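Here is a short briefing to read alongside the sequence and the 3D view. Keep both open while going through the points.

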Amino acid sequence: MIPVLSRAQMRAFDKHAIHQCHVPGVVLMENAGRGAADVISAIIEGRSAGQPGDAAHRAPRLPASGLSPARAFWPATLPSGAGLRGRPGSVPPPNGRRDAEEARAARIRSFPVRHVPSPGQPATYPLHARVVVVCGAGNNGGDGFVVARHLLARGAEVQVFLAARSEKVTGDSRINHDAYVDLGGALTELPPGASLAPLEVALAEADLVVDAIFGTGLDRPIEGHLADVIGVLNTATCLCIALDVPSGLDADSGAPLGAAVQADETVTFGHLKIGLLTPEGARLAGNVHVVDLGVPDRPILAQVGYVAEVLRKETIGSSLRPREASVYKHQAGNVLVIAGSSGKLGAALLTARAAMRTGAGLVTICTWADTARAMESRVVELMTTSIDPARIAASLDGALAGRRAVAIGPGLGLDERARAAVDHVVLGWDGLKVVDADALTHFVGRPEALATARGSLIMTPHSGELGRLLGRSARAVEEDRFGAVREAVALTRAIVVLKGARTVIALPDGRMFICMAGNPALATAGSGDVLTGMIAALLCSMDPSAAASAGVLIHALAGDVWRAQTGSDRGLLAGEIAELVPGLIAALAAGSDPLST
């Protein structure tokens, strides 16, 4: 499990560790700052690799055997004569003593006294880098002082700018402020009203800047002096690394609160924060690194909880069980795709073909008579059946008989006959349904009707469709994706899959899952139709929450595999997503990494 915490949960996590587990707050701050310094040190080393003259100063990298950093530096033998046996003139001891001395000699040979960098730090010192750390007066600034002290100890050229007066720094942050200063660290105060020219000059010469102004506790827009400081950081050309979250990012919604730092890398403490996993949060945070706080997670998480989990390939792979040798097509899955209309044949075809590629043994497209006739020359493995406009309910009931799962909506149309068909199936059929596209739009102005539906619903809206259901704009949904998806679940009692970068899956029992895979290549017409068909096929062999999760992750991984193959983040066709699905299912079921295979 990879838990994701809200602002309040992370605050409760720290509080529980300090007050119930008796871990001093200054220790948590030290662990956070040192972990961040380890990440930053590794980034510095990585950026310096390959520069002229660098190889002469670089220690060997760790062997592929998986030895710890310390073990990798132990010599295999000591110099000649260093052992106890074989000394000139020595008398061999009795067997018992000889065995003990041999054991002692082995220990000495294995554990000579060496100065070894701690895990996480690079092997090469000093760090050849100019680092600027910009601190606020709160705990995030305290983390910044810890980072500055460790980088200073590792030989980097460090300069700290404090966006306040030193007397404003209190508590654990003050302890680390004083430690940094008393060890000779360079500190420049930049209180309100002070010129920011010294910071601009320092950034012009820096290799990287560390943002330690605000952490997860920020819940108000940044204005005035601090907004100006952030503006200077954002105009700097050096690498920017944020601590915990980029300053100005709402740790819950992922929306910027006025001015916000645009980071290249973010080192977050303890656990992922939910605001980092929205499209906007991901854009502002860049690459995210999680460092632990030196406390066991499970007992504390059991007390404070978590708001979501990250979808993991291992979890999805374990649910993709091999089929019995005797399976036949109806057992493999009988899916009905109610989709398509004049001019929108492609949506139905993409959905149906994706269902077959994901393992359904039998897929039938149910659509209007004129559309069905137009499709018949374009389908081979698929079957078609028609909806009779004069007998909508009866013709649908005939098509639904014996089906395991239904996908409804892509390209179906928005007229009255389509609405009648949607209501009959979505609200009245007692089965497993994936509701998408036009079928969702038919419930605009009456989303609460979905809560009365028979059977199980999985809704797959993008932000525009969800916004229409909730009576707000797509932008408003994007500004608070997690709040919007929770509201939709409360209204409909359905599983809601909010598509987009960092797709969110919300369940009626309160659980949420976030997909970290995927890339902009998936932003292509018909991509959502493919996902609908995939989930419908998976419903034939999984419970609804597992089917939604597996469909989302496999769909996203298809985009990542395609990008790895082509090197491009654009040009993917929706039909190509489905073609990659069988291989992805095989790799996940075998426990392999699809991107490496």
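Is F145 buried or exposed? F145 is buried, because its relative accessible area is 0%, below the 20% cut-off for burial. The model is a predicted one. The bullets below start from that residue and move out to the whole chain.

**The aromatic pair**
- Searching the whole structure turns up 1 aromatic pair.
- Its members are F145 and Y180, and their arrangement is tilted.
- The ring centres lie 6.1 Å apart, and the planes meet at 45 degrees.
- That angle counts as tilted because stacked needs under 30 degrees and edge-to-face over 60.
- F145 belongs to helix α5 (residues 139-153), while Y180 belongs to helix α6 (residues 171-182).
- The pair therefore ties together parts that are 35 residues apart in sequence.
- Y180 is buried too, with a relative accessible area of 0%.

**A charge over a ring**
- R417 places its charged end over the ring of W368.
- The distance from that charged end to the ring centre is 4.0 Å.

**An exposed glutamine**
- Q303 is part of helix α10 (residues 297-304).
- Its relative accessibility is 57%, so Q303 counts as exposed; the cut-off for that class is over 50%.
- Q303 and Q9 are separated by 294 residues in sequence.
- In space, their C-alpha atoms are 9.7 Å apart.

**The open sheet**
- One open sheet contains 12 strands with mixed pairing.
- Its strand order runs β8-β1-β10-β19-β18-β17-β16-β15-β14-β11-β12-β13.
- The edges are held by β8 (272-273) and β13 (383-387).
- Each edge strand has a single partner strand, so one side of each has no neighbour in the sheet.
- Within the order, β16 (residues 456-459) pairs with β17 (residues 495-498) in the parallel sense, over 2 bridges.
- I458 has I495 in β17 as its bridge partner.

**The chain as a whole**
- The protein chain has 23 helices and 19 strands.
- Of its 597 residues, 51% are buried.
- Take the contacts between residues at least 6 apart in sequence: 71% of them join residues at least 24 apart.
- The chain exposes about 26,300 Å².
- Carbon and sulfur atoms supply 52% of that exposed area.

Methods. Residues are numbered from 1 along each chain as its sequence is written. This is a predicted model: local features need pLDDT of at least 70, side-chain atom pairs count only at pLDDT 80 or more; totals for chains, interfaces and linings use all residues. Side-chain values use heavy atoms; hydrogens and water are left out. Rings of Phe, Tyr and Trp (its six-membered ring) pair if their centres lie within 6.5 Å; planes under 30 degrees apart count as stacked, over 60 as edge-to-face and the rest as tilted. Helices (H or I, at least four residues) and strands (E, at least two) are DSSP runs, numbered from the N terminus. Buried means under 20% relative accessible area, exposed over 50%, partly exposed in between (1.4 Å probe, protein chains only). A charge sits over a ring if NZ of Lys or CZ of Arg is within 6 Å of the ring centre and within 35 degrees of the ring normal. Contact means heavy atoms within 4.5 Å. Accessible areas come from the Shrake-Rupley method with a 1.4 Å probe; for residues, only the protein chains shown count as cover. Two strands pair if DSSP finds at least two bridges between them.
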